[in-house]
Amino acid sequence: MRIGAASAFALAIALAGCGAGQSTLDPQSRPAREIADLWWWMLAAAAFVLIGALVLLFIGWRRRDRPGLPVVGNLGERGFNGLVVLFGMIVPLLALVVVFVAANFSVASVTEAPAPGSTAMTIVITGNQWFWDIHYPGSGAVTANEIHIPVGTRVDAVLRSADVIHSFWVPQLNRKADMVPGHPNRILLYADHPGVYRGQCAEFCGLQHANMATTVIAQPPAQFRAWLANAARPRIAPTGAQQQRGEQVFLSERCASCHTIRGTSARGTIGPDLTHLASRSTLAALTIPNTRHELERWIADPQKIKPGAKMPSVDLSTSERDAVVAYLETLR
């Protein structure tokens, strides 16, 4: 029973990594395909060597009761020795050489930073504990955790860190790239088809490292331009009485010292920009969905949802929290 339970648990762990949401084996760009192809070549080489070793072990096991070395057909013991040399030395050496050469070409291709002038646009992605800031230079657009790019367009992503070492990784689009404080890095973002591609911080960066996720949303060019134009606008002033009160509470409480809402006096830089919060599908870097109920929970007790996050609990009355939530829902 213990062996069966352990096997089932191991199988569940293995299958958990096979989902299409974040898979290196579901490439959607040229760099990602080169990485996936390299992985398949490495798997094939390793499988070939393993099969040869297993065949030798099987021959030895079948002839375990006979004295001397196993006999292979009419070649006798020399045939077995030859197979040992072949699969124990020659084949592994050839496999390593082939994989080494292929890996060098692939790694050199995907790790090269985009050449100046080779991309159509530039974005700046900053890693924070534990969320992502995304700036679109020249447009004034700022968002968090959800990166929008036009499909079929080469995007130069400048990677920065505001605190500790992070690592940006969207496996369906490209390799991992470290984000070291004070040392900007660059990576090419490109998507063949429209879609939503999940990414993750790939360098342990603290307590909530596992909950520092992101999505790259590749949109048709016209749809992206519409999104970018809206993201560049300041907030639309609230019109309802409850929403107006919510903005007043937001600006008078600690919220405004940590967050920015363009078009208001809120200019905080500790937390993400909230100017268009309601247009995002998730909260807290994909930790929870962006619904009214989850937003209320997040404001009431963020440490319960994401322990260690820099956002403190804000002591608001029920009516004040309802007003703030109503206001934040207008930020589209």
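The following paragraphs lead through the spaces, surface, salt bridges and backbone of one protein structure. The model is predicted, and each value given below was computed from it.

A convenient starting point is the empty space within the protein. Rolling a probe the size of a water molecule over the atoms shows where such space is left. The largest pocket encloses about 150 Å³. Its lining consists of Trp41, Ala44, Ala45, Phe48, Val91, Leu94, Ala95, Val98 and Val99. Two helices, helix 2 (30–62) and helix 3 (76–111), each supply at least two residues of this lining. Helix 3 gives the most, with five residues. The chemical character of the pocket is uniform: nine lining residues are nonpolar, while no polar and no charged residues take part.

Besides this pocket, the structure has one cavity of 30 Å³ or more. Which residues are the closest to the centre of this cavity? Of the 32 residues in the lining of the largest cavity, they are His259, Gly271, Pro272, Trp298 and Met311. The volume of the largest cavity is about 540 Å³. Several elements each supply at least two residues of its lining, namely helix 6 (255–258), strand 11 (282–283), helix 7 (292–300) and helix 9 (318–328). Helix 7 provides the largest share, which is three residues. By class, the lining of the largest cavity is made up of 23 nonpolar, five polar and four charged residues.

Attention now turns from the interior spaces to the surface. Val85, Leu86, Met89, Ile90 and Leu94 form a nonpolar surface patch of about 450 Å². One of these residues, Leu94, is also found in the lining of the largest pocket. Another member of the patch, methionine 89, belongs to helix 3. Is methionine 89 buried or exposed? Methionine 89 has a relative accessible area of 56% and therefore counts as exposed, because the exposed class begins over 50%.

Charged side chains form a further part of the picture. The structure contains eight salt bridges, three of which are described here. In helix 2, the side chains of arginine 30 and glutamate 34 meet in a salt bridge with an N to O distance of 2.7 Å. Because these two residues stand four residues apart in helix 2, about one helical turn separates them. Both partners are partly exposed: arginine 30 has a relative accessibility of 37%, and glutamate 34 has a relative accessible area of 22%.

Another salt bridge joins aspartate 192 with arginine 33, and the closest N and O atoms of this pair are 2.6 Å apart. This pair links distant parts of the chain, as the two residues are 159 residues apart. Aspartate 192 is situated in the loop between strand 8 (185–189) and strand 9 (195–201), whereas arginine 33 is in helix 2. Aspartate 192 is partly exposed, at 24% relative accessible area, and arginine 33 is likewise partly exposed, at 35%.

Helix 7, which also contributes to the lining of the largest cavity, contains a further example. Here the side chains of arginine 292 and glutamate 296 meet in a salt bridge at 3.5 Å, N to O. The two residues lie four residues apart in this helix, about one turn. Arginine 292 is partly exposed at 32% relative accessibility, and glutamate 296 is partly exposed at 22%. Salt bridges that share partners join Arg292, Glu296 and Glu329 into one network.

The backbone deserves a final examination. Most residues other than glycine have a negative phi, and most peptide bonds are trans. Where does the chain contain a cis peptide bond? The bond from glutamine 129 to tryptophan 130 is cis, with omega near -5°. Tryptophan 130 is placed in the loop between strand 1 (121–128) and strand 2 (131–136).

Positive phi values appear in the loop between strand 11 and strand 12 (288–289), where alanine 284 is located. Phi of alanine 284 is near 60°, a positive value in a residue other than glycine. Alanine 284 has a relative accessibility of 15% and so counts as buried, because the buried class covers values under 20%. Leucine 286 lies in the loop between strand 11 and strand 12 as well. The phi of leucine 286 is also positive, near 75°.

Definitions and conventions: Residues are numbered from 1 along each chain as its sequence is written. This is a predicted model: local features need pLDDT of at least 70, side-chain atom pairs count only at pLDDT 80 or more; totals for chains, interfaces and linings use all residues. Side-chain values use heavy atoms; hydrogens and water are left out. On a 1 Å grid over the protein atoms alone, a cavity is a set of points where a 1.4 Å probe fits but cannot get out, and a pocket is an open set with protein on both sides within 12 Å along at least five of seven lines; lining residues have an atom within 4 Å of a point. Grid points are joined across faces, edges and corners, and a volume is the space filled by probe spheres set on the points. Ala, Val, Leu, Ile, Met, Phe, Trp, Tyr, Cys and Pro count as nonpolar, Asp, Glu, Lys and Arg as charged, and the others, Gly among them, as polar. Patches are made of residues with over 30% relative accessible area and no salt bridge: like charges are joined within 9 Å, nonpolar side chains (Val, Leu, Ile, Met, Phe, Trp, Tyr) within 5 Å. Accessible areas come from the Shrake-Rupley method with a 1.4 Å probe; for residues, only the protein chains shown count as cover. A salt bridge is a side-chain nitrogen of Lys or Arg within 4 Å of a carboxyl oxygen of Asp or Glu. Buried means under 20% relative accessible area, exposed over 50%, partly exposed in between (1.4 Å probe, protein chains only).
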